[in-house]
Every structure is written in structure tokens, then in C-alpha cells.
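Open the model in your viewer and keep a selection prompt ready. Each stop below gives something to select and then says what is there.

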Amino acid sequence: MFPEVVGEVDYIHPYGKGFMIYTDKEWSRGILKLKENTLEVFDGEYIKIPLNFVLSVDKSIMLPAIREGRALLLVEYLDVKSRGNVYLLVSAQENFIRKVRFELLRRMVSRVRIMYRANDKWHPGFVVVEADSISFSGPGKVSVPVAKILRVERKKLDYGLRKIGVISVEYQDGGENKSIAIFVNPMKRMFFWQLFNQVLDDYINSQILRDMSNLERMVLHLVGKEWSYEDIMAKLELTTEEMNSIVDKLERYGVIKKIVILKITDKGSKVLRNISEEDLRLP
């Protein structure tokens with residue numbers, strides 16, 4: 001069902017037990033394999049982690065410095081023998097780490113039964129996540145293209161006489177904004193939150209930013225600073241036709257809203273966080 005992911009990594013295992021972090025341990029070199037049901041690292045001996053025992057991915061604890069161009073993946077799991085929580089810390093090229101993280105989280109959420117609300121009705125089902133879509137299987141089957149997602153946020157919803165925590169995915173369907181609320185076991189909710197945000201971030205970096213010129217990035221930057229339509233045109237010496245063309249493109253991407261004044265969206269704020277000062281330099 002899922003592709004096997006294989007690559008060379010540096011790692012520390014066990015990185016920590018509970019919150020007693022071993023920051024002085026040396027890195028080892030090995031081959032990482034992410035299979036259907038296990039995460040394995042091999043360097044003469046196997047470290048084999050059943051995915052059913054994974055407790056968290058990239059938990060916020062103290063991490064060592066790494067070389068430029070490399071990224072970290074921290075996997076916390078339950079060790080059956082010691083009955084304690086153990087960490088595997090992995091370092092590799094950023095693109096590989098993002099791929100492993102994406103595929104690991106995909107496996108984690110696919111195993112979890114959820115309730116989701118679509119069109120004001122609750123349905124039981126599962127989530128299937130691809131690079132370009134998030135689909136909800138069940139009686140009220142819905143598939144949301146990642147390109148149409150406007151925001152992902154955590155909310156509290158009324159459910160009978162109590163409030164429940166959900167993850168809300170807001171998206172565009174035609175000219176209408178819709179949302180899907182996902183209710184899942186709180187112990188598993190973070191996996192969904194991390195995966196949905198990574199899918200959106202990957203789309204922003206691979207599609208939106210790649211297709212935006214520095215001039216369009218500067219317009220978005222100034223919209224984020226609440227500059228007016230006229231002030232942006234004057235600052236960047238744009239004609240009305242040029243400005244309209246840029247605004248229309250940014251609105252199609254869902255990163256700004258054009259009502260009475262220009263307003264940046266949550267998705268636009270995400271894009272801005274990935275734009276460097278170098279990207280804002282105009283020729």
C-alpha cells in the first residue's frame with residue numbers, strides 16, 4: 001500500500017529516555033528503511049520499531065546542532081522490554097528527511113478511525129493523504145485538493161452538551177468556502193495536525209513559491225504589511241493593469257483576498273514565512 005523508503009542516515013539511539021537527554025552521544029552511520037509496518041535502521045545490528053508503538057514524531061525537546069543542509073527526525077516509541085519511552089534521532093539531507101516524515105505520518109494516520117463532519121453531518125471513516133489531496137472515506141466521502149486548502153487549524157466544537165477538540169480543514173469549492181472537522185483520539189491527533197501542515201507546506205514550496213516572481217512576492221509582502229492598493233502601485237511603480245494581473249494571480253492561489261481592500265490570508269502568511277529577504281530584492 002505504501003512505498004518503501006530507503007536511505008543512508010546518521011543516527012543516535014537511544015537518544016534519550018523520558019526527558020533525560022543524552023546530548024553527548026556520538027552519531028552512528030546506518031541505512032534507514034521505512035516499511036509498511038516498521039521503521040528500521042541497520043548498521044550491523046537492527047533497530048526495529050513497529051509503527052504501532054510510535055508515540056510521537058518530532059517532539060519538541062532539546063536537539064543537537066547539525067550541519068547545514070541536513071535536517072532531523074525524532075521518533076519516540078514505546079520499548080516493550082524496558083516498558084519505557086525511547087527516542088531515535090535521525091539526521092540526513094533535508095529532502096530525504098521530509099520524505100521519511102511524510103511517509104511515516106501517512107502510515108500513522110491511515111490506521112486511525114476518525115469521525116469527520118462534512119456538510120453539517122458527522123460520518124465515521126478514515127483519512128487517505130496524498131501529495132496533492134486529502135480524502136475522507138465513509139458515507140460522506142470527500143476529497144480535498146491540497147491546492148484548494150486555505151487553512152488548517154485546531155478548534156473546539158459543540159458536540160451535544162460538551163465541546164470537543166477537532167482539526168478543521170477549510171478549503172475552496174467553486175466560489176464557496178467549506179470546511180471539514182476531524183475528530184480523532186487526542187493521543188493520535190498530533191499526527192494528523194503535523195501531516196496536514198506538511199502537505200500544505202510542501203505544496204507552497206513546490207508549487208506556489210516556485211511559480212512566483214520576486215515582484216509578486218514583494219506585492220504579497222506589502223499586502224502582509226497592510227499597504228493599500230494605491231501605495232503598493234506607487235512603491236513598485238506598477239500600472240493598474242500590471243497590479244490587477246498580480247493581484248488576480250495571488251488571489252487564485254488563495255494567498256490574498258480582494259474585497260474592498262487587499263487582505264492576506266492564513267495561507268498567504270504561510271507563504272510569507274518561506275520567503276527570504278533575498279527573494280524580495282527586485283532587479
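The tour goes from a sheet to its hairpins, then to a helix, salt bridges and cores.

**Ground rules**

This is a predicted model, in which local features need pLDDT of at least 70 and side-chain atom pairs count only at pLDDT 80 or more, while totals for chains, interfaces and linings use all residues. Residues are numbered from 1 along each chain as its sequence is written, and side-chain values use heavy atoms, with hydrogens and water left out.

**Stop 1: the sheet**

Select strands 10 to 16. They form an open sheet of 7 strands, ordered 13-12-11-10-16-15-14, with antiparallel pairing. Strand 13 and strand 14 (149-159) are at the edges; each has a single partner strand, so one side of each lacks a neighbour in the sheet. On average, neighbouring strands are turned by 35 degrees against each other, direction ignored. Strands and helices are DSSP runs, numbered from the N terminus: E with at least two residues for strands, H or I with at least four for helices. Two strands pair if DSSP finds at least two bridges between them. Axes are lines fitted to C-alpha atoms, for helices over the stretch in contact; angles run from 0 to 180 degrees between N-to-C directions.

**Stop 2: three hairpins**

Select residues 114-118, strand 10, and residues 121-129, strand 11. They run antiparallel and are joined by 5 bridges. Y116 has H123 of strand 11 as its bridge partner. The hairpin has 2 residues between the strands, and N119 takes a positive phi near 55 degrees.

Move on to strand 12, residues 133-137. A hairpin of 3 residues joins strand 11 to strand 12. The two strands pair in the antiparallel sense over 4 bridges. V129 stands opposite I134 in strand 12.

Now add strand 13, residues 142-145. Strand 12 and strand 13 pair in the antiparallel sense over 4 bridges. S135 has S143 of strand 13 as its bridge partner. This hairpin has 4 residues between the strands, and G138 takes a positive phi near 150 degrees. Which residues make up the covered face of strand 13? V142 and V144 do, whereas S143 and P145 make up the uncovered one.

**Stop 3: helix 2**

Select residues 186-211. Helix 2 packs on the sheet, touching strand 10, strand 11, strand 12, strand 14, strand 15 (162-173) and strand 16 (176-183). Its direction makes about 155 degrees with that of strand 14. Contact here means heavy atoms within 4.5 Å.

Zoom in on R189, which is found in helix 2. R189 is buried yet has no salt bridge; the nearest side chain of opposite charge, E153, is 14 Å away. Leaving aside neighbours within four places in sequence, R189 is in contact with G165, I167 and V184. Buried means under 20% relative accessible area, exposed over 50%, and partly exposed in between, with a 1.4 Å probe and protein chains only. For charge, Lys and Arg count as positive and Asp and Glu as negative; His and the chain ends are not counted.

**Stop 4: salt bridges**

The structure holds 18 salt bridges, each a side-chain nitrogen of Lys or Arg within 4 Å of a carboxyl oxygen of Asp or Glu.

- Select D10 and R70: their side chains meet at 3.1 Å, N to O. D10 lies in strand 1 (residues 5-12) and R70 in strand 8 (residues 70-79), so the pair ties together parts 60 residues apart in sequence. D10 is buried at 8% relative accessible area, and R70 at 16%.
- Add E8 and R29: with D10 and R70 they are linked in a network of salt bridges.
- Select E103 and R107: this salt bridge is also at 3.1 Å, N to O. Both lie in helix 1 (residues 94-110), 4 residues apart, about one turn of the helix. E103 is buried at 7% relative accessible area; R107 is buried at 0%.
- Select E170 and R151: the closest N and O atoms are 2.2 Å apart. E170 is in strand 15 and R151 in strand 14, 19 residues apart.

**Stop 5: the cores**

Select F136 and F196. Of the 79 residues in the largest nonpolar core, these two touch the most other members. Helix 2 gives the most to this core, with 11 residues. A nonpolar core is a set of buried Ala, Val, Leu, Ile, Met, Phe, Trp, Tyr and Cys residues joined through side-chain atoms within 4.5 Å. Not counting residues up to four places away in sequence, F136 touches residues including I114, Y116, F126, V142, V144 and I180.

Last, select Y15, I61, Y87 and L89. They are among the 7 residues of a second, separate core.
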